[in-house]
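Student: I am new to this structure and would like a close look at a single part of it. Please take one helix and explain how it fits with what surrounds it.

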Amino acid sequence: MTEIFGSPPFTASKHVGNVGGLETAIRQRRRQRARRDRIAAFVYPIGMLVVLVIIWEAAARLFSLPPYLLPAPSAIVWSMAANSAVLIRESAATTMEIVLGFVLSVAVGVPLALAIYLWTPFARAIYPILVSSQAVPKVAVAPLFLVWFGFGLLPKVLIAFLIAFFPVVINTVMGLAALEQEKIYLARSMGLGPVATFFKIQLPNALPSIFAGFKISITFAVVGAVVGEFVGGQGGLGYLLLIANGNMDTALLFAGIVALTGLGIVFFALIGLIERLVLPPHAVERTSLARETM
């Protein structure tokens with residue numbers, strides 16, 4: 001008893017201060033880890049690319065590879081500099097096709113996904129058609145578009161749309177269907193109507209999946225635009241690749257590929273930036289926690 005009564009009194013403020021300091025340390029550690037992850041996301045791929053380019057350059061010089069077979073990176077850079085005006089002009093035409101195809105895929109894919117999610121008979125009717133349509137080679141369909149719509153901008157945009165809209169539909173449906181039904185019941189019990197429940201709970205919960213579909217779609221739109229230019233283009237980077245291949249100008253061919261790759265990376269990064277601006281804070285925290293667990 002004397003030991004109990006003689007023990008020092010419990011100081012709540014001291015323990016609260018320790019807990020607060022621990023939380024601050026955890027948040028600081030998470031920020032440091034996120035900063036290191038962001039730096040590593042740039043350093044590792046750039047470092048690997050530099051190593052591969054050095055090996056490529058050394059192999060081209062050591063084995064005296066013919067330029068028409070595999071040009072050295074230095075020759076590709078020289079070709080990009082010499083044909084910079086052509087690359088910029090053709091990149092502008094391809095960019096227009098990519099953007100229009102992606103916008104059309106979003107404008108059609110998101111409402112279609114909502115109809116599939118909300119209306120079961122429509123989903124049963126249209127979903128098998130959507131899946132089977134992806135088995136049709138778009139290169140085989142592209143000549144029909146040229147016959148129907150001519151050699152202008154429209155057939156290339158439609159081909160980009162056909163390739164890009166499927167990920168938007170699938171990811172939007174999956175994001176909407178991933179919400180637990182109990183949360184919807186809870187929202188209804190709190191007096192929220194169907195429209196308020198959709199915009200306040202279902203849509204924010206589905207946004208990460210929707211933006212994942214957008215990221216896939218924008219890269220597919222690049223492929224679709226090039227396919228359209230391959231089949232019946234009179235301009236664009238795909239048409240430039242055909243001309244370079246016909247002239248055995250492999251350096252210019254690789255320069256066009258580098259330009260296409262750059263366009264894809266830029267568009268992918270833009271979608272990621274918009275995602276960070278649009279996603280609600282709890283979704284951003286959930287994404288960062290998922291990265292930490294990985």
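Tutor: What follows takes helix H10 as the part to examine, after a few words on the whole chain. The model is a predicted one. The secondary structure of the protein chain consists of twelve helices and zero strands. Of the 294 residues in the chain, 33% are buried. Among contacts with a separation of 6 or more, 73% join residues 24 or more positions apart.

Now to the helix itself. H10 covers residues 237-246, and its buried residues are Leu237, Gly238, Leu240, Leu241 and Ala244. Seen down the axis of H10, these buried residues fall within an arc of 155 degrees, so they line one face of the helix. The general background is that an α-helix has 3.6 residues a turn, so residues three or four places apart point the same way.

The next step is to see what H10 joins. Leu237 belongs to the largest nonpolar core, a set of 29 residues, and together with Ile98 and Phe214 it touches the most other members. H10 is one of the elements that give two or more residues to this core; the others are helix H4 (84-118), helix H7 (153-177), helix H9 (194-232) and helix H11 (250-278). H9 gives the most, with eleven residues. In soluble globular proteins, nonpolar side chains tend to be buried together.

Ile98 shows the contacts around one of these core members. Leaving aside residues up to four places away in sequence, Ile98 touches Ile218, Ala221, Val222, Ala225, Leu263 and Phe267. There is also a second, separate core of eleven residues, and Ile116, Ala123, Phe166 and Val173 are among them.

After H10 comes Met248, which lies in the loop between H10 and H11. Met248 has a positive phi of about 60 degrees, although it is not a glycine.

For contrast with the buried face of H10, consider a nonpolar group on the surface. Ile39, Phe42, Val43, Tyr44, Ile46, Val50 and Ile54 form a patch there, with about 770 Å² of accessible area together. Phe42 lies in helix H2, which spans residues 12-62. Phe42 counts as exposed because its relative accessibility is 58%, and the cut-off for exposed is over 50%. For the chain as a whole, the exposed area is about 18200 Å², of which carbon and sulfur atoms supply 73%.

How values were computed. Residues numbered from 1 in each chain as written. Predicted model: local features only at pLDDT ≥ 70, side-chain atom pairs only at ≥ 80, totals over all residues. Heavy atoms only, no water. Buried < 20%, exposed > 50% of the residue type's maximum accessible area, 1.4 Å probe, protein only. Helix = DSSP H or I, 4+ residues; strand = E, 2+ residues; numbered from the N terminus. Arc of directions from axis to C-beta. Core = buried A, V, L, I, M, F, W, Y, C linked by side-chain atoms within 4.5 Å. Contact = heavy atoms within 4.5 Å. Patch = residues over 30% accessible without salt bridge, like charges linked within 9 Å, V, L, I, M, F, W, Y side chains within 5 Å. Areas by Shrake-Rupley, 256 points an atom, 1.4 Å probe, with all protein chains shown as cover. Salt bridge = Lys/Arg side-chain N within 4 Å of Asp/Glu carboxyl O.
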